[in-house]
Amino acid sequence: MKKVHVAASTKEYDVTVGSGLDYGVLLKEVHAPCKLMVVSDDTVFSLYGEETLKSLREAGFETFHFVFEHGEKSKTLEVAEKLMIRMIEDGITKTDLLVALGGGVVGDLTGLVASIFLRGMEFVQFPTTLLAAVDSSVGGKTAVDLPNGKNMVGAFHQPIAVFCDTDKFRTLPEQTYAEGMAESIKYGIIYDAGLFEKIEKNEITDEDLVIRCVEIKAEVVAKDEFDKGPRHILNFGHTLGHAVETLSRYTIGHGQGVAIGMAVLSAAKLPGSEAKRVLSVLLDRKLPVKTEFELHELALQARADKKRHGDLIKVVLPVSVGEVVLKDVSVDEWEEIIREGTEKVSKIM
Ligand SMILES: NC(=O)c1ccc[n+]([C@@H]2O[C@H](COP(=O)([O-])OP(=O)(O)OC[C@H]3O[C@@H](n4cnc5c(N)ncnc54)[C@H](O)[C@@H]3O)[C@@H](O)[C@H]2O)c1
Ligand SMILES: [Zn+2]
């Protein structure tokens with residue numbers, strides 16, 4: 001079991017990573033027994049719900065649970081409202097705790113509710129996907145989607161603790177695990193060539209992978225909790241990735257979109273040999289590296305991106321494996337970068 005300390009300006013907390021974690025014992029170390037509302041989706045709850053409630057009860061917590069249908073389609077204000085109504089019915093108060101048991105969808109929705117219920121309460125994250133472990137459970141971004149855009153309603157609200165049990169990854173479908181790997185590869189490209197190499201050579205355990213990715217995220221978040229500048233590097237591959245996700249009407253998953261974004265930008269901007277390494281590591285993990293969507297449509301989607309200011313879009317471009325730069329580009333320039341990258345991806349493959 002290892003820990004990473006996150007020193008955000010609004011809250012400091014630890015991310016504990018290990019195999020076979022006892023959630024109840026760990027939670028009791030950071031919070032006195034209280035009422036807990038455990039939020040999960042149907043898939044995760046059927047696998048881990050009962051054992052989680054049992055461990056929490058044995059540690060002295062009084063447990064309640066709220067389970068919704070799995071998938072991005074549930075990350076809505078409607079589901080958040082149902083959860084809050086249930087919390088009132090179950091007598092949950094401001095000094096109790098919310099628990100997010102699941103992937104990024106459960107974590108984002110639970111975190112948002114924690115930020116607004118009775119003007120704010122504390123919550124903890126028990127991530128069960130690799131993506132949630134390396135990315136969404138840490139850093140305090142919470143959100144739900146609107147019909148016309150992902151993550152359009154949200155808040156910054158840090159958890160008081162994150163407990164990541166890597167044993168939970170064993171039941172992940174291959175593609176869901178691969179999507180988490182896409183976000184992990186992202187940390188290698190933006191920050192740590194050594195991490196990239198370990199992933200490339202398959203020389204890293206899940207526990208060490210989560211620890212290193214969380215260390216990087218914690219460093220970046222500590223510099224820029226509210227996403228005003230440096231934190232934008234975490235968005236590498238995401239502007240194009242979000243466009244692909246949206247145009248596919250979310251049939252292409254978040255991590256797959258990010259993989260396509262990283263592949264296209266790496267092909268456009270990195271020397272041939274480095275671009276090839278990026279494409280190979282993605283293809284090895286059965287992640288996609290190109291899209292059939294029309295370039296102009298993809299570029300136009302960036303107009304809806306939250307990272308836009310005026311007519312310019314803030315994009316993250318790779319310089320080498322391990323280093324990226326932030327750049328403001330027009331939609332036309334963006335389309336040109338995507339065109340160049342898409343052509344080169346086809347040549348490299
Ligand atoms: N807040 C942030 O900083 C941040 C960062 C990245 C992504 N996100 C958000 O995270 C979401 C994607 O996260 P995700 O990929 O974890 O999605 P998810 O929560 O939908 O999980 C993916 C699927 O895996 C299932 N699942 C979860 N854990 C499982 C397990 N251990 N065994 C078997 N099945 C399991 C879920 O039921 C779901 O069907 C998106 O909504 C994205 O916007 C947020
Ligand atoms: Zn992401």
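This section describes the overall fold of the protein chain, the zinc site and helix α9 in a predicted model.

The secondary structure of the protein chain consists of 13 helices and twelve strands. Its radius of gyration is 20 Å, close to the 20 Å given by the globule rule for 349 residues, so the chain is as compact as a globular protein of that length. The C-alpha trace extends over about 60 × 40 × 35 Å along its principal axes. Of the 349 residues, 57% are buried. Among contacts with a sequence separation of 6 or more, 75% are made by residues 24 or more positions apart.

The exposed surface of the protein chain amounts to about 14500 Å², of which carbon and sulfur atoms supply 52%. The side chains include 41 positive and 54 negative ones, and the centres of these two sets lie 2 Å apart.

The zinc ion (ligand 2) has as its protein donors Glu-183 through OE, His-238 through NE2 and His-254 through NE2, at 1.9 to 2.1 Å from the ion. The spacing of these donor residues in sequence is E-x54-H-x15-H. Glu-183 belongs to helix α6 and His-254 to helix α10, so this pair ties together parts that lie 71 residues apart in sequence. Glu-183 has a relative accessible area of 0% and is therefore buried, the cut-off being under 20%. Helix α6 also contains Gln-175. In contrast to the buried Glu-183, Gln-175 counts as partly exposed, with a relative accessibility of 44%. The C-alpha atom of Gln-175 is 11 Å from that of His-254, and the two residues are 79 positions apart along the chain.

The zinc donor His-238 is also a residue of helix α9, which spans residues 238–247. This helix is mostly covered, with eight of its ten residues buried. His-238 itself is buried, as are Thr-239, Leu-240, Gly-241, Ala-243, Val-244, Glu-245 and Leu-247. The buried residues of α9 pack against two strands, β8 (149–156) and β11 (312–320), and against the helices α6 (174–191), α10 (254–269), α12 (295–301) and α13 (331–348). The packing partners of α9 thus include α6 and α10, the helices that hold the zinc donors Glu-183 and His-254. Just after α9, Arg-249 adopts a positive phi of about 55°.

How values were computed. Residues numbered from 1 in each chain as written. Chains lettered and ligands numbered in written order. Predicted model: local features only at pLDDT ≥ 70, side-chain atom pairs only at ≥ 80, totals over all residues. Heavy atoms only, no water. Buried < 20%, exposed > 50% of the residue type's maximum accessible area, 1.4 Å probe, protein only. Helix = DSSP H or I, 4+ residues; strand = E, 2+ residues; numbered from the N terminus. Contact = heavy atoms within 4.5 Å. Rg over C-alpha atoms; globule rule 2.2 N^0.38 Å. Areas by Shrake-Rupley, 256 points an atom, 1.4 Å probe, with all protein chains shown as cover. Lys, Arg positive; Asp, Glu negative; His and termini not counted. Charge placed at Lys NZ, Arg CZ, Asp CG, Glu CD. Donors = N, O, S within 2.8 Å, 3.2 Å for Na, K, Ca; no water.
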